[in-house]
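User: I am in my first year and would like to go through a structure step by step. Could you answer some questions about it?

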Amino acid sequence: MGRITLGFNCNCFTNRWDEPEEWTRLCREMGVRAVMFNSDLIDPYWPWDLQRRLADRTIEACAKNGVRIVASFGGHHGHQHYLGHPDQECRREAERFFRQAIRQTAYLGGRSYGTCFAIQTVRTNSDPVLRTQIMDDALGAYRRLADYGAETGLKAIAYEMTSVPRETCATFAENDAVLEAGSRFAIPLRVCLDMGHRPLAGTAQEADHLEWIRRYGSRCDVIDCQQTDREGSRHWPFTAEANRKGVIDGREIVSAIGESGAQDILLAFEIRTAAFHPHEDRCLDDLRESVRYWRQWVAD
């Protein structure tokens with residue numbers, strides 16, 4: 001089996017512990033040494049001098065606390081259509097955003113940057129001609145972004161599979177087609193898997209989170225790690241209470257990764273705690289208990 005590393009998707013920290021000295025300290029205290037950075041922490045649209053100053057603080061804090069930035073991903077700010085927007089000018093603006101995020105990621109030392117592939121509207125998704133045009137346009141943008149990513153030193157461009165066909169890449173067939181096209185880019189297109197993103201209206205295999213890992217683990221660098229049930233993508237922690245309700249079993253996940261032939265996978269906690277009393281005060285305890293649960297199988 002290849003290497004499995006336990007880490008955080010940094011959207012666990014945004015809005016609460018945005019300061020790099022704080023979130024890297026929390027990583028160290030919980031024994032976590034790798035993260036997928038989140039562009040909500042440093043907005044790629046901010047002036048580059050400001051981004052670089054904050055990135056330098058982040059690099060220094062990572063070095064002090066022994067944290068490695070493996071990759072970076074889009075966050076909640078503007079997390080709508082990106083390269084799938086129905087307006088072509090908006091799609092080109094999204095491409096500009098990607099370029100700036102790629103530059104930031106490379107400066108931080110990450111290997112890849114991405115977000116959802118090309119989220120469509122109900123109208124464009126319902127029109128096969130429009131849908132195909134937008135998917136082809138997105139692939140053209142990803143090809144250009146891969147060229148730029150190669151220039152900056154990135155090793156891959158990434159996108160996230162989803163559970164909703166309108167958000168794209170929710171079926172095996174579409175992921176196969178996108179990954180095949182992306183394999184010919186200057187740097188490869190890689191898929192970010194999510195334990196809670198499986199199309200329950202699809203085939204039996206597509207509704208099984210383990211099948212996604214077995215099928216795509218070797219073409220994946222990061223798996224978003226959450227406890228969930230079969231009714232949605234819950235982003236629950238791995239607490240005793242949530243584990244009784246959820247369907248994600250650490251032993252099964254690790255076994256599926258081994259079967260996939262993956263060489264190097266980051267399991268990145270993407271756990272959401274409501275900013276509402278009393279949930280807010282349980283956030284860190286939820287993260288700590290989640291780390292303890294997964295250390296049964298992942299020792300790094």
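User: At roughly what angle do the axes of helix H2 and helix H3 cross?

Analyst: Please keep in mind that this is a predicted model. Helix H2 covers residues 48-65 and helix H3 covers residues 88-108, and their axes come within 10 Å. Because angles under 35 degrees count as roughly parallel, H2 is described as roughly parallel to H3. The angle at which the two axes cross is roughly 30°.

User: Which residues of H3 make the contact with H2?

Analyst: H2 passes H3 in a right-handed crossing. On the H2 side, the contact is made by Trp48, Gln51, Arg52, Ala55, Asp56, Thr58 and Ile59. By class, the contact of H2 with H3 has five nonpolar, four polar and three charged residues. The residues that H3 brings to this contact are Gln100, Arg103, Gln104, Tyr107 and Leu108.

User: How many disulfides are found in the whole structure, and why is Cys192 not bonded to Cys220?

Analyst: A disulfide is a covalent bond between the sulfur atoms of two cysteines, and the cut-off used for such a pair is within 2.5 Å. The closest cysteine sulfur to that of Cys192 is in Cys220, and because the distance is 6.0 Å, the two are too far apart for a bond. Cys225 is in no disulfide either, since the nearest cysteine sulfur, that of Cys12, is 9.6 Å away. For the whole structure, the number of disulfides found is zero.

User: Is Cys225 buried or exposed?

Analyst: Buried means under 20% relative accessible area. Cys192, with a relative accessible area of 3%, is buried. Cys225 has a relative accessibility of 0%, and therefore Cys225 counts as buried.

Key
Residues are numbered from 1 along each chain as its sequence is written. This is a predicted model: local features need pLDDT of at least 70, side-chain atom pairs count only at pLDDT 80 or more; totals for chains, interfaces and linings use all residues. Side-chain values use heavy atoms; hydrogens and water are left out. Axes are lines fitted to C-alpha atoms, for helices over the stretch in contact, and angles run from 0 to 180 degrees between N-to-C directions. Helices (H or I, at least four residues) and strands (E, at least two) are DSSP runs, numbered from the N terminus. Angles under 35 degrees count as roughly parallel, over 145 as roughly antiparallel, 65 to 115 as roughly perpendicular and the rest as oblique. A crossing is left-handed if the near helix is turned anticlockwise from the far one by less than a right angle, and right-handed if clockwise. Contact means heavy atoms within 4.5 Å. Ala, Val, Leu, Ile, Met, Phe, Trp, Tyr, Cys and Pro count as nonpolar, Asp, Glu, Lys and Arg as charged, and the others, Gly among them, as polar. Buried means under 20% relative accessible area, exposed over 50%, partly exposed in between (1.4 Å probe, protein chains only).
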